[in-house]
Amino acid sequence: MTEHGGAGRDRGQVRVRFAPSPSGDLHVGNIRTALYDWAFARATGGVLVLRIEDTDTTRVKPEYIASAQDTLRWLGLDWDEGPGVGGPFGPYQQSERLDIYAGWVARFLADGHAYYCYCTPEELQARREAARQAGGPSGYDGHCRVLTDEQVAAYQAEGRRPVVRFRMPEGSTTFTDLIRGEVTFDHAHVPDFVLARADGGPLYTLAVAVDDVLMEITHVVRGEDLLSSTPRQIAVYGAMGVPADRIPVFAHLPYVLGPNGQKLSKRNGVVSINWYREQGFLPEAICNYLALLGWSPGENREEFTLAEMAAEFDLARVNKNAAQFDVRKLEAINGDKIRALAPDDFAARITPFLARAGLVADPPSAGEAALIAAAGPLIQPRIGTLSEAEGMLGFLFVSEAEFRVDPEEAGRTLTPAAVPVLAAADKALTGLAEWAHGEIEGALRAALLDELGLKPKVAFTPVRVAVTGRRVAPPLWESIELLGRDRTLGRLARALAVAAAAG
């Protein structure tokens with residue numbers, strides 16, 4: 001039996017790695033793992049290595065690799081070694097390490113830890129099916145473990161190109177997982193596995209183990225879905241000559257489940273971090289919420305900064321039970337984080353969304369920037385995502401030729417009943433001496449509430465729709481002040497015409 005593990009032994013400085021295989025945008029599960037890797041490294045004064053596992057060139061593209069790094073930087077998850085940073089154990093992209101893997105394959109073959117396997121996919125499938133029918137294990141049956149020279153010659157004469165399989169030793173592997181405790185795998189259920197394809201390309205279990213050893217990784221923090229690959233990696237470590245007490249310590253994180261209790265995927269919920277970024281979720285809110293999917297700082301605290309997480313993170317406090325992703329909880333945290341931003345920071349963060357919508361230039365002009373700064377405090381307490389700024393503030397930035405009242409709102413609000421309201425509002429504002437929100441409020445309240453005897457909702461809703469185009473908008477008096485006298489009166493006049501014509 002092979003045993004290793006234990007959190008208590010002295011391993012020197014912690015070296016932990018985040019090793020994605022970017023075949024698209026990084027998703028919720030990826031980032032939760034990256035976040036815990038980052039926090040563990042920072043909490044222990046260790047090193048975080050970013051390693052790109054891109055040996056599958058059919059799925060992992062350069063643009064995905066660049067996007068993954070951009071996403072990590074946006075989230076504030078910096079790395080100490082890896083692409084763009086360098087380090088003593090590079091290169092950190094597996095496609096640039098193929099000669100290293102080939103060298104280890106040759107050594108394993110020479111030492112008897114690996115062998116050539118000539119079985120065709122059809123033969124493998126037929127034997128698996130026969131094993132299933134017989135009620136036995138359906139993994140690789142070791143057919144090519146011991147071949148005669150004649151058998152090898154016959155296979156080669158057929159033009160078969162062999163893969164390289166690792167010779168899994170008999171017995172079992174027991175290791176101590178920092179989250180799950182002691183875990184044992186019987187090797188009867190861990191069949192010989194492929195290290196390298198027929199073209200020499202390395203498979204995951206070879207490359208990941210070799211890199212962990214050569215990059216001196218001390219801890220592997222990753223998702224529960226990779227738990228079953230651990231005995232294979234430990235076996236490769238052993239074949240490389242790594243002493244049992246120097247094999248990395250493992251910590252397998254719980255699954256993240258979707259709202260339906262199934263493993264989170266594109267089928268049961270949006271999982272791409274870039275989607276949340278485009279919708280206006282703050283990076284600090286995303287990190288805060290994902291941290292809670294398996295860990296908590298205690299004392300029922302649900303909101304904290306990355307720095308606070310780094311100061312308190314402990315793998316021993318990670319829950320081994322699956323966590324459920326709840327976008328409503330993320331939205332609540334995001335809203336709280338938005339409200340906590342300094343006004344100038346908030347203005348800077350909504351600016352790209354206004355530019356994306358074509359409302360301001362990129363970068364904005366001085367006048368646009370000033371208007372964003374003035375309008376930001378009006379909506380900051382009222383929005384849950386940054387992307388809502390487009391709808392809330394669009395009325396301030398569109399030209400009068402482009403301004404439109406929402407058709408549904410116009411049909412509901414700009415009716416003949418609104419004519420006296422809009423006429424009184426236009427008259428009150430036309431004669432206003434000082435265009436400031438306090439004076440605007442006083443004039444409209446006097447004209448609509450006192451003189452017409454209307455209730456506030458009946459009085460002010462038509463005015464709000466007339467000047468902003470919608471019912472849900474920033475505070476009315478401040479909105480009118482920022483919009484300016486000429487544009488406000490022009491919109492009231494057009495709305496009055498629409499309401500009169502509706503009769």
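**View 1. Tyrosine 36 and phenylalanine 313, both of them buried.** The model shown here and in the other views is predicted. Tyrosine 36 and phenylalanine 313 form an aromatic pair, one of 14 in the structure. The pair is tilted, with 5.2 Å from centre to centre and 55° between the planes. Tyrosine 36 belongs to helix H1 (residues 28–44), while phenylalanine 313 sits in the loop between helix H10 (306–312) and strand S12 (323–324). The pair thus links distant parts of the chain, its members being 277 residues apart.

**View 2. A cluster of aromatic residues joined by ring pairs.** The members are Trp275, Tyr276, Phe281, Tyr289 and Phe325. One of them, Tyr289, is touched by lysine 329, a residue of helix H11 that is shown again in View 5.

**View 3. Asparagine 274 in helix H8.** Asparagine 274 counts as buried because its relative accessibility is 11%, below the 20% limit for that class. Leaving aside residues up to four places away in sequence, asparagine 274 touches Asp25, Ser67 and Thr71. With threonine 71 there is also a polar contact, side chain to side chain, of 3.3 Å.

**View 4. Helix H11, residues 327–340.** H11 has 14 residues, which at 1.5 Å a residue should span 20 Å; the C-alpha atoms at its ends are 20 Å apart, so the expected and modelled spans agree. At the start of the helix, a side-chain oxygen of aspartate 326 comes to within 3.0 Å of the backbone nitrogen of arginine 328. The buried residues of H11 are Leu330, Ile333, Asn334, Gly335, Lys337 and Ile338. In an α-helix, residues three or four places apart point the same way, because there are 3.6 residues a turn. Among the elements that cover the buried residues of H11 are helix H8 (273–278), helix H9 (283–291) and helix H12 (343–356).

**View 5. Lysine 329 of helix H11 and its contacts.** Lysine 329 counts as partly exposed because its relative accessibility is 27%, which falls between the limits of 20% and 50%. Not counting residues up to four places away in sequence, lysine 329 touches Tyr289 and Glu302. The side chains of lysine 329 and glutamate 302 make a polar contact of 2.3 Å. Arginine 470 lies 141 residues from lysine 329 along the chain, and the C-alpha atoms of these two residues are separated by 27 Å.

**View 6. An open sheet of 3 strands with antiparallel pairing.** The strand order is S4-S5-S8. Strand S4 (114–117) and strand S8 (194–196) are the edge strands, each pairing on one side only. From one strand to the next, the twist averages 45°. Between S4 and strand S5 (residues 163–166), the antiparallel pairing runs over 4 bridges. Tyrosine 115 has arginine 165, in S5, as its bridge partner.

**View 7. Alanine 500 in helix H20, residues 485–501.** Alanine 500 has a relative accessible area of 47% and is therefore partly exposed. Leucine 214 is 286 residues away from alanine 500 in sequence, and the distance between the two in space is 79 Å, C-alpha to C-alpha.

Technical notes:
Residues numbered from 1 in each chain as written. Predicted model: local features only at pLDDT ≥ 70, side-chain atom pairs only at ≥ 80, totals over all residues. Heavy atoms only, no water. Helix = DSSP H or I, 4+ residues; strand = E, 2+ residues; numbered from the N terminus. Expected span 1.5 Å × (residues − 1). Buried < 20%, exposed > 50% of the residue type's maximum accessible area, 1.4 Å probe, protein only. Contact = heavy atoms within 4.5 Å. Polar contact = N/O pair within 3.5 Å; in protein donor to acceptor, adjacent residues only side chain to side chain. Pairing = 2+ DSSP bridges. Axes fitted to C-alpha atoms, helices over the stretch in contact; angles between N-to-C directions. Phe/Tyr/Trp six-rings, centres within 6.5 Å; stacked < 30°, edge-to-face > 60°.
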